[in-house]
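I sat down with this one to see how its pieces fit together. My notes follow in the order I looked things up.

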Amino acid sequence: MSRTAAADHVLDKIAGKRDELVTLTRDLIRIPTVNPPGDAYAPCAGLLGERLRGRGFAIEYLRAIGAPGDSDRHPRLNMVARRDLGGHGRCLHFNGHIDVVAAGQDWTVDPFAGIVRDGRIYGRGACDMKGGIAAAVIAVETLCELYPDLPGTLEISATVDEESGGFGGVAWLAERGMFSPPRVDHVIIPEPLNVDRVCVGHRGVWWAEVETQGRIAHGSMPFLGDCAIRHMAAFLHRVELELLPALQARKTRMPVVPAAARHATLNINAVHGGEPEAHGGLPSPCVADSCRAVLDRRYLIEEDPAEVKGEVRRLLEACAAERPGFRWRLRDIMEFQPVMTDPEAPVPRAVATAIGRVLGRPAEIVASPGTYDQKHVMRIGQLKDCVAYGPGILDLAHQPDEYVEIDALVASAQVMALAALELLGRGR
Ligand SMILES: [Zn+2]
């Protein structure tokens with residue numbers, strides 16, 4: 001069979017599985033895998049694992065014992081399915097996170113019912129990313145049915161805790177060699193980056209807590225104390241005047257979307273100072289002796305991570321030099337470095353070609369403003385050929401009335417299957 005005929009065959013077969021794809025997506029949405037705390041991971045991993053076992057995959061369930069949040073009540077249970085097809089070929093791995101964020105307020109439908117309406121499936125995780133997992137499952141199953149002798153290996157994993165950093169999920173598996181060559185050569189993560197976009201990587205992130213310190217005194221005689229909130233205001237003033245304009249002036253070569261995120265950014269996630277808010281409307285008159293701010297710094301692949309921290313430290317030192325009594329502490333909360341796959345590497349090329357074939361328009365190569373599990377695949381697994389590609393509109397992730405379009409779901413399954421055919425079809 002010619003390449004074109006083989007591709008047509010795959011597209012037809014998946015188009016015929018539309019209802020099956022919808023059913024699987026709804027079944028996954030109905031398992032409320034909310035993280036935190038990490039509810040219902042075992043039944044969700046089990047649904048996928050037992051389905052794939054029935055289709056000839058070898059299944060491993062791997063609990064990340066000792067990972068953050070792991071307990072007998074909330075086990076961090078990951079599922080890895082593997083099927084060796086014919087001969088000595090490459091291994092393509094599809095990885096999806098099964099955890100979803102809390103539903104939150106303002107839904108007009110039940111977030112865990114998997115309601116279908118107007119060509120869309122609604123629910124928490126519909127786009128981020130149970131629709132993508134279902135599409136990947138249908139893609140690999142179709143390939144196994146049509147081409148059981150394809151040279152190579154297909155893997156698909158359902159992993160936990162992406163929304164909280166991935167420590168008990170992809171990071172844990174990557175530390176055990178599950179995302180490293182020669183076991184795995186190519187990885188596709190079906191995150192919702194839109195059905196016609198290939199995402200080659202993401203910016204870096206550094207979360208830190210700045211604390212300014214003062215001295216408590218009676219609020220009627222503030223001159224006897226030293227107000228930590230005023231010290232914090234002085235620091236934030238320098239952030240506003242010096243740091244933010246400097247960050248805005250930096251631009252990355254990575255194709256980050258939206259385009260405004262091609263600059264370095266800083267968000268002040270929280271400021272807490274003085275007494276706790278829960279004073280019932282009756283604050284006692286005290287000078288604040290501590291004030292803490294949480295910084296969310298997103299940095300570019302061109303920036304040096306040490307310098308990212310250094311420039312914040314220098315602002316604090318400048319405040320200390322000009323303000324008597326200014327005392328501060330800087331504490332790291334979390335950091336992940338930027339990653340980017342070469343857009344000319346095999347996976348981005350295969351996915352982009354498949355998008356052109358399925359959708360009849362050129363693929364857009366993009367990068368993500370925020371991080372996802374690709375960082376663990378590339379930094380821990382040292383695997384350089386990894387992208388995010390999946391159905392669903394990025395902006396809908398974590399929103400009320402999250403949904404995935406059924407047409408996009410089917411098209412993304414077709415794209416994933418064609419890309420797999422291309423990547424494995426060439427052998428090793
Ligand atoms: Zn996601």
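**Helix α8.** I started with the length of α8 in this predicted model. Its end C-alpha atoms are 20 Å apart, and 14 residues at 1.5 Å a residue should span 20 Å, so the two agree. Next I pulled the buried residues of α8: V347, P348, A350, V351, A352, A354, I355 and V358. I then asked what the buried residues of α8 pack against. I found the helices α1 and α10, plus the strands β7 (186–189), β8, β14 and β15 (386–388). Just after α8 I noted G360, which takes a positive phi of about 70°.

**Helix α1.** Since α1 turned up against α8, I went there next. Helix α1 covers residues 3–15, 13 residues in all, and reaches 18 Å from its first C-alpha to its last, close to the 18 Å expected. Its buried residues are V10, L11 and I14. Looking down the axis of α1, I see these buried residues within an arc of 95°, so they line one face of the helix. That spacing made me recall the textbook point: an α-helix has 3.6 residues a turn, so residues three or four places apart point the same way. On the face of α1 turned away from the buried side I found the exposed residues A5 and D12. The cover over the buried residues of α1 includes α4, α8 (346–359) and α10 (406–425).

**Strand β8.** I went back to β8, another of the elements that α8 packs against. How many of the six residues of β8 (197–202) are buried? Six of the six are, so I wrote the strand down as mostly covered. I checked its pairing too: β8 runs parallel to β14, with four bridges between them, and V198 stands opposite I365 in β14. With β13 (residues 339–340), β8 pairs in the antiparallel sense through two bridges. There I found H202 opposite V339.

**Domains.** The domain assignment splits the protein into domain 1 (3–202 + 338–425) and domain 2 (204–336). Their centres, taken over C-alpha atoms, are 37 Å apart. For contacts, I have 10 residues of domain 1 against 13 residues of domain 2. Which strand gives the most to the side of domain 1 that touches domain 2? That is β14 (residues 364–368), with three residues.

**The three-stranded sheet.** I then looked at an open sheet with the order β4-β5-β16, paired antiparallel. Strands β4 (116–117) and β16 (403–405) are at its edges with a single partner strand each, so one side of each has no neighbour in the sheet. Two bridges join β4 to β5 (residues 120–122), and V116 stands opposite I121 there. Helix α4 (residues 126–146) lies across β5 and β16, at about 45° to β16.

**G123.** My last stop was the loop between β5 and α4, where G123 lies. Is G123 buried or exposed? It has 30 C-beta neighbours inside 10 Å, and the cut-off for buried is 20 or more, so G123 counts as buried. Leaving out residues up to four places away in sequence, G123 touches I29, P111, F112, A113, G114, I115 and E402. I also checked R26: it is 97 residues from G123 along the chain, yet their C-alpha atoms are separated by 8.3 Å.

Note on methods:
Residues numbered from 1 in each chain as written. Predicted model: local features only at pLDDT ≥ 70, side-chain atom pairs only at ≥ 80, totals over all residues. Pairing = 2+ DSSP bridges. Contact = placed C-beta atoms within 7 Å. Axes fitted to C-alpha atoms, helices over the stretch in contact; angles between N-to-C directions. Expected span 1.5 Å × (residues − 1). Buried ≥ 20, exposed ≤ 12 C-beta atoms within 10 Å, placed from the backbone. Arc of directions from axis to C-beta. Domains from an automatic or database assignment.
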